[in-house]
Amino acid sequence: MERLKCTIAYDGSGFAGFQVQPAHRTVQGVLEKALIKMHKGEAIRIQASGRTDTGVHAVGQVIHFDTPLTIPERNWKQAINTLLPDDVRIMHIEKVHDSFHARYSVKQKEYHYIVLNREDPDVFRRDYVLHFPKDLDIEAIQAACKHLEGTHDFTTFSSAKSSVKGSKVRTLFHASCRRKDNDIEFVFRGSGFLYNMVRIMVSALLDVGIGKRKPEDIPVLLAAKERGQLGKTISPNGLYLWEVSYDE
């Protein structure tokens with residue numbers, strides 16, 4: 001058996017999330033269907049770096065699977081992509097040692113969230129950005145981002161529906177926000193992320209941007225360890241799993 005590591009990109013707007021669900025179109029379902037065809041009906045299970053929700057996109061999701069087939073790496077990529085719909089793509093594929101695991105070997109993940117900050121929505125990008133028409137104080141948001149960096153218990157910034165048992169302590173190596181024309185791009189890099197964590201952080205940072213909260217409220221919210229302290233989880237549309245990193 002050989003283990004293959006694949007970096008994949010997908011447009012999340014046509015999927016009910018990553019993980020297989022009966023009677024729903026999912027990224028895992030579509031990938032496994034293609035692999036079944038390649039393996040003449042034999043079921044192949046894939047393992048991913050993590051699941052993404054309905055509507056969330058990926059530029060650099062990572063999966064692995066084991067296969068009895070011996071095919072050159074470059075041919076693998078072409079063969080799978082031929083069987084995939086056009087909203088999922090294998091970007092890179094390589095053979096790895098069987099000690100590699102797409103989920104358990106992760107060292108850090110990077111997510112981006114894109115906000116369209118102007119009066120009118122963009123009909124062509126409605127599935128790919130969050131439209132937010134209010135004026136934003138970018139400097140205040142950047143100051144708030146600094147308070148999120150470091151090792152904290154992120155209970156306040158995680159869904160109450162989170163299935164994580166045990167510690168909600170995570171380390172954020174980087175949190176930032178930058179404006180480019182009408183787009184505001186948030187970037188978060190960390191050791192791991194809780195369920196809905198990025199969407200809840202962006203929601204809180206937008207509150208800072210409109211003056212509803214102050215940057216120094218962030219440490220208070222972290223210390224509270226209570227999801228009810230924050231408003232709703234914002235739209236998945238602007239969220240991208242950007243990159244997953246492993247030890248070389």
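## Exercises on a helix, a loop residue and two pockets

The buried residues of helix H2 (residues 73-83) are Trp 76, Ile 80 and Asn 81, where buried means under 20% relative accessible area, exposed over 50% and partly exposed in between, with a 1.4 Å probe and protein chains only. The model is predicted, so local features need pLDDT of at least 70 and side-chain atom pairs count only at pLDDT 80 or more, while totals for chains, interfaces and linings use all residues. Residues are numbered from 1 along each chain as its sequence is written, and side-chain values use heavy atoms, with hydrogens and water left out.

**Exercise 1.** Work out why the buried residues of H2 line one face of the helix, and which elements cover them.

*Solution.* Begin by looking down the axis of H2: its buried residues fall within an arc of 115 degrees, so they line one face of the helix, the arc being that of the directions from the helix axis to the C-beta atoms. Next, turn to the face pointing away from the buried side, which carries the exposed residues Arg 74, Gln 78 and Thr 82. Finally, the cover over the buried residues includes E1, helix H1 (27-38), E3 and strand E4 (88-96); helices (H or I, at least four residues) and strands (E, at least two) are DSSP runs, numbered from the N terminus.

**Exercise 2.** Describe the surroundings of Asp 87, in the loop between H2 and E4.

*Solution.* Take accessibility to start with: Asp 87 has a relative accessibility of 18% and therefore counts as buried. Then list its contacts (heavy atoms within 4.5 Å): leaving out residues up to four places away in sequence, Asp 87 touches Ala 9, Tyr 10, Asp 11, Phe 15 and Arg 25. The side chains of Asp 87 and Arg 25 are also joined by a polar contact of 2.9 Å, that is, a pair of N or O atoms within 3.5 Å, of which, within protein, one must be able to donate a hydrogen and the other to accept it, residues adjacent in sequence counting only if both atoms are side-chain atoms.

**Exercise 3.** State which elements each supply at least two residues of the lining of the second largest pocket, and how that lining divides by class.

*Solution.* The elements are strand E1 (2-10), strand E3 (57-67) and strand E10 (239-246), and the largest share, five residues, comes from E10. By class, the lining has six nonpolar, three polar and four charged residues, with Ala, Val, Leu, Ile, Met, Phe, Trp, Tyr, Cys and Pro counted as nonpolar, Asp, Glu, Lys and Arg as charged, and the others, Gly among them, as polar. A pocket here is an open set of points on a 1 Å grid over the protein atoms alone, where a 1.4 Å probe fits, with protein on both sides within 12 Å along at least five of seven lines, and lining residues have an atom within 4 Å of a point.
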